[in-house]
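The exercises below ask the reader to work from the displayed coordinates towards an account of how one protein chain is put together. Each task is followed by a solution that goes step by step.

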Amino acid sequence: MTASPHSDPEPVVRFDNVGMRYGRGPEILRDLSFDLPRGSFQFLTGPSGAGKTSLLKLIYLAAKPSRGLVSFFGRDTATLPRRDLPDLRRRIGVVFQEFRLLNHLSVFDNVALPLRVAGKKRSDYAEDVAELLAWVGLGDRMSALPPTLSGGEQQRVAIARAVVGQPEILIADEPTGNVDPEMGMRLLRLFAELNKLGTTIVIATHDLQLVRMVDAPVMTLSNGHLHIRPSRGRRQREADQREAEGREALDAMSPPDPESGDE
């Protein structure tokens, strides 16, 4: 399943002719119309200043469009009561580029925070949090405070916090920007496993090598407009379908075989 123009009858996210501007300035996002189907995986790319961060903010409900319709799980965000926003946001995991860790909490408690907010008991999640931290290479840093960590370690804490609750949507802004290639691949596998469990994934990145490692659609922002390139597999299926339709059309135009007995 892919990011696409309107195709899914009930996508997790739908943008319909969305535009966005700050104050009275020019529109930085223009006429965006696309769906994020349930369980899809896509990359978001584009040059610096293209509006990627603004688009991500719209997707994780940190901003509102200047015009157009944005809906989540079939609900129009423009008419959503303020009291319903916290529950909706808890269905979204976000990996911020600037990490946004709480410096007075340990690595373990930072990662466990979404579960605590959801009302879960420590005894119910302690093993899962420890296992996840071991997966991202921080099993021996669970008691450390964020200021004592390197940038790459802080980034992995932020990723673990975003995925620990198995959110329905995961938004990751440059999630591999501060880690080495080997850890970057490990984190990409973590996102892929989460996607297999049904989470819709959007990864914003400048790393084209990372994009090439996954057969997923690519959403590219340029001058405020969005172009969506389907996955390689989908492009091949569409090419095969066009070829088959072309053969059928040629067969239909071919004269009947005289030896077949047709008149």
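**Exercise 1. Locate R30 in the predicted model and describe its surroundings.**

Solution. Begin with the secondary structure: R30 belongs to strand 2, which covers residues 27-36. The model is a predicted one, and in it R30 has a relative accessibility of 29%; because buried means under 20% and exposed over 50%, R30 counts as partly exposed. Next, list the contacts beyond four places in sequence, which for R30 are V18, R67, N223, G224 and H225. Of these partners, G224 lies 194 residues away from R30 along the chain, yet the two C-alpha atoms are separated by 5.3 Å. Finally, look at the polar atoms, where the side chain of R30 reaches the backbone oxygen of N223 at 2.2 Å.

**Exercise 2. Work out the strand order of the open sheet that contains strand 2, and place helix 1 against that sheet.**

Solution. Start from strand 1 (residues 13-21), which is joined to strand 4 (residues 67-72) by five bridges in an antiparallel arrangement. Strand 1 also runs antiparallel to strand 2, with six bridges between them. V13 illustrates both pairings, since its bridge partner in strand 4 is F72, while in strand 2 it stands opposite L36. The complete sheet is open and has four strands in the order 2-1-4-5, with antiparallel pairing. Its edge strands are strand 2 and strand 5 (75-76), each of which pairs on one side only. Helix 1 packs on this sheet, touching strand 1, strand 2 and strand 4, and its direction makes about 50 degrees with that of strand 2.

**Exercise 3. Is S54 buried or exposed, and which residues does S54 touch?**

Solution. First place S54 in helix 1, which spans residues 52-59. Its relative accessible area is 8%, and because the cut-off for buried is under 20%, S54 is buried. Leaving out residues up to four places away in sequence, S54 touches M20, Y22, I28 and L29.

**Exercise 4. Examine the positive phi values at G23, D31 and F73.**

Solution. Take G23 first: in the hairpin of strand 1 and strand 2, which has five residues between the strands, G23 adopts a positive phi near 60 degrees. D31, a residue other than glycine, has a positive phi near 55 degrees; D31 lies in strand 2 and, at 42% relative accessibility, counts as partly exposed. F73, likewise not a glycine, has a positive phi near 50 degrees and lies in the loop between strand 4 and strand 5. F73 is buried, with a relative accessible area of 9%.

**Exercise 5. Describe the nonpolar cores, and then the chain as a whole.**

Solution. In soluble globular proteins, nonpolar side chains tend to be buried together. Here the largest nonpolar core has 41 residues, and F41 and V129 have the most contacts inside it. Among the elements that each supply at least two residues of this core are strand 3 (41-45), helix 4 (122-135) and helix 6 (181-196). A second, separate core of 33 residues includes V13, L56, L58 and I92. Turning to the whole protein, there are eight helices and 10 strands, and buried residues make up 45% of the 263 residues. Of the contacts with a separation of 6 or more, 69% are between residues 24 or more positions apart. The protein exposes about 14,300 Å², of which carbon and sulfur atoms supply 49%.

How values were computed: Residues are numbered from 1 along each chain as its sequence is written. This is a predicted model: local features need pLDDT of at least 70, side-chain atom pairs count only at pLDDT 80 or more; totals for chains, interfaces and linings use all residues. Side-chain values use heavy atoms; hydrogens and water are left out. A nonpolar core is a set of buried Ala, Val, Leu, Ile, Met, Phe, Trp, Tyr and Cys residues joined through side-chain atoms within 4.5 Å. Buried means under 20% relative accessible area, exposed over 50%, partly exposed in between (1.4 Å probe, protein chains only). Contact means heavy atoms within 4.5 Å. A polar contact is a pair of N or O atoms within 3.5 Å; within protein, one must be able to donate a hydrogen and the other to accept it, and residues adjacent in sequence count only if both atoms are side-chain atoms. Two strands pair if DSSP finds at least two bridges between them. Axes are lines fitted to C-alpha atoms, for helices over the stretch in contact, and angles run from 0 to 180 degrees between N-to-C directions. Accessible areas come from the Shrake-Rupley method with a 1.4 Å probe; for residues, only the protein chains shown count as cover.
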